[in-house]
Amino acid sequence: MNVPRRAADSGRVLYIMGRGRSGSTIFANILGEAEGFFSAGEVRYLWDPVLTTGGSCGCGEPVSVCPVWSQVLGRLTDLDLEQVVAWQQEIVRERNLYRILRREPDRATGWTALDGYSAAMGRVYRALEAATGASVIVDSSKRPSYAAVVRQIPGLAPYFVHLVRDPRASAYSWRHRKHASARDRGRDVTRRNAADSTLRWTLLNFGAEAVLRRHGTGGSMSLRYEDFVAKPRTTAERVAQWAGRRSARLPFLDERTARLGANHTLSGNPARFSSGTVTLRDWEEWRSEQSRADKLTATALALPYLRRYDYPLRSPS
């Protein structure tokens, strides 16, 4: 098995990149059930908006009193919330992606916000390891710009999974599916038309590819959502083994059915609050319900990537 260039005993973060609505929440939570793994949700949101707005953990408790996250926060009391939020807001922007990727990992960059934020997030991951006993923290933050930050954190061995979904399915979900906003409590995430959502799909997948190229093949891989839901157990086992846990037991009852316990994830879609028995299958409503205009728009804007990700030019109806 290829491993990242950092020491094999470094703290490991399995980071899931890509566009939202690509199945990252359920994928991460399944991996988080394996021995030695912990699914932390979208860790990039910890400081803002989770702590700034009093957000809830996947277990249903406020993060401040969650049995896991309260332990994590107890190890970070000397960090100034306003300062870390300021660093986060300066750094985690897609326009900074290539500027961050040009930096060499494990070295001070001279960029105060990047160095400070990387050090703070390194402490978060180490506190998660201490609180959970996990050797692999699964982070479904998705943003390529934050993935570039994760590469900078001293003492981490990051593994990057680029999770991609058919752009037409993504566009349908962003137009029709409701999703509670992590930033504006009581509101839904903004619904987006096919052009807007597909342009963002293109931007974030392009950025994810840049991270994979920079990081190298030893610690990065691409995965289509459609391939995951075609063989969930086989795919999840392969990813867990690749991340260094060959004997990890996953919570599957058969190839498609898994039993999930309560989790302690930050942000993500409402599926993070689900537990019990779940059956994974491709959600195909979009094939028959999406308007022809939206399909054509998404296809045209994502055209350079369809062949690259092995999606057909004409989507089945």
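What percentage of the 317 residues of the chain count as buried? In this predicted model, the share that counts as buried is 56% of the 317 residues. The accessible surface of the chain amounts to about 14100 Å², and carbon and sulfur atoms contribute 46% of that area.

As regards the overall fold, the chain contains 14 helices together with 7 strands. Its radius of gyration is 19 Å, close to the value of 20 Å that the globule rule gives for 317 residues, and the chain is therefore as compact as a globular protein of that length. The C-alpha trace extends over about 55 × 45 × 45 Å along its principal axes. Among the contacts in the chain with a separation of 6 or more, 77% are accounted for by residues that lie 24 or more positions apart.

With respect to charge, the chain carries 48 positive and 32 negative charges, and the mean positions of these two sets are separated by 4 Å.

At the level of single residues, D106 is placed in the loop that runs between helix 5 (97-101) and helix 6 (112-132). The relative accessibility of D106 is 39%, and because this value falls between the limits of 20% and 50%, the residue counts as partly exposed. Although 46 residues separate D106 from Q152 in sequence, the C-alpha atoms of D106 and Q152 are 5.8 Å apart in space.

Methods:
Residues are numbered from 1 along each chain as its sequence is written. This is a predicted model: local features need pLDDT of at least 70, side-chain atom pairs count only at pLDDT 80 or more; totals for chains, interfaces and linings use all residues. Side-chain values use heavy atoms; hydrogens and water are left out. Helices (H or I, at least four residues) and strands (E, at least two) are DSSP runs, numbered from the N terminus. The radius of gyration is taken over C-alpha atoms; the globule rule is 2.2 Å times the number of residues to the power 0.38. Buried means under 20% relative accessible area, exposed over 50%, partly exposed in between (1.4 Å probe, protein chains only). Contact means heavy atoms within 4.5 Å. Accessible areas come from the Shrake-Rupley method with a 1.4 Å probe; for residues, only the protein chains shown count as cover. Lys and Arg count as positive and Asp and Glu as negative; His and the chain ends are not counted. The place of a charge is taken as NZ of Lys, CZ of Arg, CG of Asp or CD of Glu.
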